[in-house]
Amino acid sequence: MKYIIFILFTVMTNAAAQLMLKQGMMSLGQISFEGTNPLLKLLQIVFSPWVFLGLCTFVISMASHLYVLSKVELSFAYPFLSLAYVAVAIFAYFVFREDLNGWRIAGIAFICVGTVLIAQSGRDLGGRGHDEETASLSSDKIHSGIVR
């Protein structure tokens, strides 16, 4: 569980990126490619301040996720990304006044319960991790065909 902080950092930066992208697209207004060069329009969108900041935040989130993947099992780390849906729904309710009805709240509850179950099923991540498992495959075991 010692990598949970990095997992949660990945989740929160992913959610923050979504919120920034939404703010950026709202500030740009309705997008139309009519009568304009699509490449220029795309560059205008990408380099608008909120969208650009959101994309940069996604890069940070992805770097954090890559670090996490080097340390824990994918089947443990990846489901935590669903918590980004929870964070986005809650923050969108407060920031953008988006609807948070009973169905969405129920879905959020299911996501949270599922994530808790996955977290409980994780092995001791503070012990033998991905690096140690890879290092334990000595060349004699590989050559003899006995790979754990």
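**Exercise 1. Is Ile-108 buried or exposed, judged by its relative accessibility?**

Before starting, note that this is a predicted model, in which local features need pLDDT of at least 70 and side-chain atom pairs count only at pLDDT 80 or more, while totals for chains, interfaces and linings use all residues. Residues are numbered from 1 along each chain as its sequence is written, and side-chain values use heavy atoms, with hydrogens and water left out.

Step 1. Recall the cut-offs: buried means under 20% relative accessible area, exposed means over 50%, and partly exposed lies in between (1.4 Å probe, protein chains only).

Step 2. Ile-108 has a relative accessibility of 14%, so this residue counts as buried.

Step 3. Now place the residue: Ile-108 belongs to helix α6. Helices (H or I, at least four residues) and strands (E, at least two) are DSSP runs, numbered from the N terminus.

Step 4. Look for its partners, where contact means heavy atoms within 4.5 Å. Setting aside neighbours within four places in sequence, Ile-108 touches Val-86, Ala-89 and Leu-100. Ser-82 is 26 residues away along the chain from Ile-108, and their C-alpha atoms are separated by 9.4 Å.

**Exercise 2. Describe the protein as a whole.**

Step 1. Count the elements: there are eight helices and zero strands. Along the sequence this reads α-α-α-α-α-α-α-α.

Step 2. Turn to burial and surface. Of the 148 residues, 26% count as buried. The accessible surface is about 9,900 Å², and 68% of that belongs to carbon and sulfur atoms. Such areas come from the Shrake-Rupley method with a 1.4 Å probe; for residues, only the protein chains shown count as cover.

Step 3. Check the contacts with a separation of 6 or more: 74% of them join residues 24 or more positions apart.

**Exercise 3. Compare the span of α3 with its expected value, then find its buried side.**

Step 1. The expected span of a helix is 1.5 Å times one less than its number of residues. Helix α3 (residues 49-69) has 21 residues and should therefore span 30 Å, which agrees with the 30 Å between its end C-alpha atoms.

Step 2. List the buried residues of α3: Val-51, Gly-54, Thr-57, Ser-61, Ser-64, His-65 and Val-68. They lie on the same side of α3, because they cover an arc of only 135 degrees around the axis. That arc is taken from the directions from the helix axis to the C-beta atoms.

Step 3. Turn the helix around: Pro-49, Val-59 and Leu-66 are exposed on the other side of α3.

Step 4. Find the packing partners. The buried residues of α3 pack against α1, α2 (38-46) and α4 (74-77).

**Exercise 4. Follow α1 and locate Met-25.**

Step 1. With 25 residues, α1 should span 36 Å, and its end C-alpha atoms are indeed 36 Å apart.

Step 2. Buried residues of α1 include Ile-7, Val-11, Leu-19, Met-20 and Gly-24. The buried residues of this helix pack against α3, α4 and α5.

Step 3. Met-25 also lies in α1, and its relative accessible area of 33% makes this residue partly exposed. Beyond neighbours within four places in sequence, Met-25 is in contact with Ile-31, Ile-45 and Val-51. Met-25 and Ile-45 are 20 residues apart in sequence, with 7.9 Å between their C-alpha atoms.

Step 4. Just past the end of α1, Gly-29 has a positive phi of about 80 degrees.

**Exercise 5. Examine α5, its surface patch and the loop that follows.**

Step 1. Helix α5 (residues 83-95) has 13 residues and reaches 18 Å from first to last C-alpha, close to the expected 18 Å.

Step 2. Leu-83, Ala-84, Val-86, Ala-87 and Ala-92 are buried in α5. Their cover includes α1 (4-28) and α6 (102-121).

Step 3. Met-12, Ile-90, Phe-91, Tyr-93, Phe-94 and Val-95 form a nonpolar surface patch with about 560 Å² of accessible area together. Helix α5 gives the largest share, five residues. One patch member, Val-95, is exposed at a relative accessible area of 52%.

Step 4. Arg-97 sits in the loop between α5 and α6. At 64% relative accessibility, Arg-97 counts as exposed. Phi of Arg-97 is near 60 degrees, a positive value in a residue other than glycine. Most residues other than glycine have a negative phi.

Conventions:
Patch = residues over 30% accessible without salt bridge, like charges linked within 9 Å, V, L, I, M, F, W, Y side chains within 5 Å. Salt bridge = Lys/Arg side-chain N within 4 Å of Asp/Glu carboxyl O.
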